[in-house]
Amino acid sequence: MRSIAVIPARYEARRFPGKLMALIANKTVIRRTYESAVGMELFDEVLVVTDSQHIFDEISRHGGRVLTSQKKHETGTDRIAEIAEQLPADIIVNIQGDEPFVQREPLERLLDTFKKDLEKKNDIVTLVQEIKTIHQINDPNYVKVVVDKDGFAVYFSRAPIPYLREIHFTPKYFEHIGVYAFRKEALMAFARLPILQNEKAEKIECLRFLEHGKKIKVLETDYIGIEIDTAEDLILAQAWIQD
């Protein structure tokens, strides 16, 4: 089973424009993400696909493989899908460009899920981690996930889900981590699906699969790291890496 990690890298992020070129201890966010993925020695290939000449130059001058997307895309997954057909892979792993501290163990579990799935029941597998603070649960920058008893996603939302109605019960809240893996055919099919109401409202690309009746397998992990969504996240990352 051949696997390729692709890092979609958009320069003009809505909440934090230019964040992938921001520095964390003298390295850009996108360079750290790329080097982390390569350093795992888990994938047959790692590459970046971007709409930005700044990001293209940053990766290429440090010896990385980078491609330029030719179209405007709503999501990182759509950006990857544009070049998916030319990739010699069975499994394509989407590692968001703002995940500079991505780790090997949870990604290895993603790939193992496909290796063990001899009947090919899973087309997409993603990661979640438990969140416990009220701030994180209420923060729309943390995408929350509810999962059924068989480990498949029911819904993704920027709102706190499940809603806590009874104060004497404490549910578990899960955050979606910006890393997921597709069978190549499922990724290419994703780009052909129209964007429907829930994805338009929430701006969460995984909802496209759910709205079209597809299943998303969810793996819980003790992932440790900071996703760079805001300027405040960058400050936290800079402090974290210096500890």
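Which residue stands opposite Thr-50 in β4? In this predicted model, the residue opposite Thr-50 is Ala-9. The strands β1 and β4 run parallel and are joined by 6 bridges. On the way to β5, the chain leaves β4 and passes through helix α2, residues 53-60, in a β-α-β crossover that is right-handed. Strand β5 covers residues 66-68 and is parallel to β4, with 3 bridges between them. Within this pairing, Val-49 stands opposite Leu-67.

Strand β4 itself spans residues 45-50, and 6 of its 6 residues are buried. The cover extends to both faces of the strand. Glu-45, Leu-47 and Val-49 are buried on one side, while Val-46, Val-48 and Thr-50 are buried on the other.

Helix α4 is a further element to follow. It runs over residues 104-116, and its 13 residues reach 18 Å from the first C-alpha to the last, close to the 18 Å expected at 1.5 Å a residue. Its buried residues are Pro-106, Leu-107, Leu-110, Leu-111, Thr-113 and Phe-114. Viewed down the axis of α4, these buried residues lie within an arc of 145°, so they line one face of the helix. An α-helix has 3.6 residues a turn, so residues three or four places apart point the same way. The face of α4 turned away from the buried side carries Lys-115 and Lys-116, which are exposed. What do the buried residues of α4 pack against? Their partners are the strands β1 (3-9), β6 (91-95), β7 (124-131), β10 (173-183) and β11 (217-220).

After α4, the loop that leads to β7 contains Asn-122. Asn-122 counts as buried because its relative accessibility is 10%, and the cut-off for buried is under 20%. Leaving aside residues up to four places away in sequence, Asn-122 touches Thr-113, Phe-114, Asp-117, Phe-152, Arg-183 and Lys-217. Two of these contacts, Thr-113 and Phe-114, are among the buried residues of α4.

The last topic is the aromatic rings. A pair of aromatic rings is described by the distance of the centres and the angle of the planes. In the whole structure, a search finds 4 aromatic pairs. For Tyr-180 and Phe-182, the ring centres are 5.8 Å apart and the planes stand at 70°, so this pair is edge-to-face. Tyr-180 and Phe-182 are both buried. Ring pairs link these two residues with Phe-190 and Phe-209 into a cluster.

Key: Residues numbered from 1 in each chain as written. Predicted model: local features only at pLDDT ≥ 70, side-chain atom pairs only at ≥ 80, totals over all residues. Heavy atoms only, no water. Helix = DSSP H or I, 4+ residues; strand = E, 2+ residues; numbered from the N terminus. Expected span 1.5 Å × (residues − 1). Buried < 20%, exposed > 50% of the residue type's maximum accessible area, 1.4 Å probe, protein only. Arc of directions from axis to C-beta. Contact = heavy atoms within 4.5 Å. Pairing = 2+ DSSP bridges. Right-handed = clockwise from strand over helix to strand, strands pointing away. Phe/Tyr/Trp six-rings, centres within 6.5 Å; stacked < 30°, edge-to-face > 60°.
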